[in-house]
Amino acid sequence: MDPEAEPDSGEDPLALRLEGLILGAERRYTPFQAARSAGVSMELASRFWRAMGFADIGQAKALTEADVLALRRLAGLVEAGLLSEAMAVQVARSTGQTTARLAEWQIDSFLEGLTEPPEPGMTRTEVTYPLMELLLPELEEFLVYVWRRQLAAATGRVVQAADDEEMVDRRLAVGFADLVGFTRLTRRMEEEELGELVEAFETTAADLVAAHGGRLIKTLGDEVLYSADDAGVAAEIALRLIETMANDETMPELRVGIAFGTVTTRMGDVFGTTVNLASRLTSIAPRDAVLVDGAFAEELTRTGDAPASEAEAAEAAATAEKEGEEPPSYRFALQPMWQRPVRGLGVIEPWLLARRADET
């Protein structure tokens, strides 16, 4: 919704037609009329609209039946006691922020290319409306499908939590992956080239995180943040990212930092000391390398994914051979690094994570 003005204020007729097509209804209400029709106070309606990311429009007649229905639904959830008012505002904000980014991405990277005039003499505006008419129902169905899939996965993780507190404050592995020298690249590369590089990096990272069972929390251009319930999964993702980027000559070098511990989750994001530590580890990691904290190293050792030391690995192999058993199979190797002070977190002892030499 972009109700910046009334229909008779000189707006582009095609823009109004497209809005009507997408929203499925014509402009009928001022904000006050919409709030009254929905049976909610103007104050609460304004809170919901701002949370969803919609601009204040004064008392322009720019709202539709869909806006009234959305207000009525949110208010109904509060009245039924299913959500508190504060939680309903959070639902509106999280939905608005997520879908706003999705819509911008689709217009910038998808529809913009598809609406190039197919024949000389045709304008983009002549192509946009019929194309949107065809795409809209398909994109809507696909959006709902993906949302339901993601909701099912998230609900499953909550149900499997050990207790109520773990639903919000959970022990997770959190990883940051950062492109080295990105600021220098921005000075040397053309905007289009830079955009393509960032898109390739984000796409590669998102695919690898998803394929190996992690969750992509967010992308920040030259940096991605991901999490995983299992330390071994987080380690595999980190090393795959390094290996994949190293094999691509168009990509800068990469560095990754991972920490393990209690993480607070809010609106799809993660917060807390563990997240801050992962970020600091990334900033001090060598190029094309992965640094992890002591808690993460201990977790890999506990799960049998890495030996506590090479001496322990050799001893375990010798014992197994002596007893005619298969030696332990470790996926990763850990090398302790020098202790160092980290601003805001005190002195830490990072570990260098690598694949075992016998791993393929």
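Which residue forms a salt bridge with Asp-229? Keep that question in mind while the whole chain is on screen; the answer comes at the second stop.

**Stop 1: the whole chain**

Show the protein chain as a cartoon. This is a predicted model. The protein chain has 13 helices and 10 strands. Its length is 360 residues, and 36% of them count as buried. If you turn on the surface, you are looking at about 21,200 Å² of accessible area, with 52% of that area belonging to carbon and sulfur atoms. Contacts can also be sorted by distance along the sequence: among those between residues at least 6 apart, 65% join residues at least 24 apart.

**Stop 2: Asp-229 and Arg-215**

Select Asp-229 and Arg-215 and show their side chains. Arg-215 is the partner asked about above: the two residues form a salt bridge, and their closest N and O atoms are 3.3 Å apart. The pair links distant parts of the chain, 14 residues apart, with Asp-229 in the loop between β3 (223-228) and α10 (231-246) and Arg-215 in strand β2 (residues 215-219). Are the two residues buried or exposed? Asp-229 is partly exposed, since its relative accessible area is 41%. Arg-215 has a relative accessible area of 16%, which is under 20%, so Arg-215 counts as buried.

**Stop 3: Leu-172, a neighbour of both**

Now select Leu-172, found in strand β1 (residues 169-179). Leu-172 is buried, with a relative accessible area of 1%. Leaving aside residues up to four places away in sequence, Leu-172 touches Arg-215, Ser-227, Ala-228, Asp-229, Ala-259, Phe-260, Gly-261, Val-263 and Thr-274. Both residues of the previous stop, Arg-215 and Asp-229, are in that list. To see how the fold brings parts of the chain together, draw a line between the C-alpha atoms of Leu-172 and Ala-228: it spans 5.9 Å in space, while the residues are 56 apart in sequence.

**Stop 4: Glu-243, Arg-355 and their network**

Select Glu-243 and Arg-355. These two residues form a salt bridge in which the closest N and O atoms are 2.6 Å apart. Glu-243 lies in helix α10 and Arg-355 in strand β10 (residues 351-355), so the salt bridge ties together parts that are 112 residues apart in sequence. Both ends are partly exposed: Glu-243 has 33% relative accessibility, and Arg-355 has 22%. Which residues belong to the network around this pair? Add Glu-236, Arg-240, Asp-305 and Arg-331 to the selection: with Glu-243 and Arg-355, they are joined into one network by salt bridges that share partners. In total, the structure holds 14 salt bridges.

**Stop 5: Asp-305**

Stay with one member of the network and centre on Asp-305. Where is Asp-305? Its place is in the loop between α12 (294-302) and α13 (310-322). Although it sits in a loop, Asp-305 counts as buried, at 10% relative accessibility. Its side chain makes a polar contact with the side chain of Thr-303, at 3.0 Å. Beyond residues up to four places away in sequence, Asp-305 touches Gly-232, Leu-300, Tyr-330, Arg-331 and Phe-332.

**Stop 6: an exposed salt bridge**

Select Arg-50 and Asp-56. Their side chains meet in a salt bridge, 3.2 Å from N to O. Both residues are exposed.

**Stop 7: rings in and around helix α6**

Select Phe-142 and Tyr-145 in helix α6 (residues 124-159); being three residues apart, they are separated by about one helical turn. The count of aromatic pairs comes to one. That pair is Phe-142 and Tyr-145: their ring centres are 6.1 Å apart and their planes are at 40°, so the pair is tilted. Phe-142 counts as exposed, at 51% relative accessibility, whereas Tyr-145, at 48%, counts as partly exposed. Then select Arg-17 and Tyr-129: Arg-17 lies over the face of the Tyr-129 ring, at 4.0 Å from its centre.

**Stop 8: a backbone exception**

Finish at Asp-288, in the loop between α11 (273-284) and β6 (289-292). Most residues other than glycine have a negative phi. Asp-288 is not a glycine, yet its phi is positive, at about 50°. Asp-288 counts as partly exposed, at 32% relative accessibility.

Key
Residues are numbered from 1 along each chain as its sequence is written. This is a predicted model: local features need pLDDT of at least 70, side-chain atom pairs count only at pLDDT 80 or more; totals for chains, interfaces and linings use all residues. Side-chain values use heavy atoms; hydrogens and water are left out. Rings of Phe, Tyr and Trp (its six-membered ring) pair if their centres lie within 6.5 Å; planes under 30 degrees apart count as stacked, over 60 as edge-to-face and the rest as tilted. Helices (H or I, at least four residues) and strands (E, at least two) are DSSP runs, numbered from the N terminus. Buried means under 20% relative accessible area, exposed over 50%, partly exposed in between (1.4 Å probe, protein chains only). A charge sits over a ring if NZ of Lys or CZ of Arg is within 6 Å of the ring centre and within 35 degrees of the ring normal. Contact means heavy atoms within 4.5 Å. Accessible areas come from the Shrake-Rupley method with a 1.4 Å probe; for residues, only the protein chains shown count as cover. A salt bridge is a side-chain nitrogen of Lys or Arg within 4 Å of a carboxyl oxygen of Asp or Glu. A polar contact is a pair of N or O atoms within 3.5 Å; within protein, one must be able to donate a hydrogen and the other to accept it, and residues adjacent in sequence count only if both atoms are side-chain atoms.
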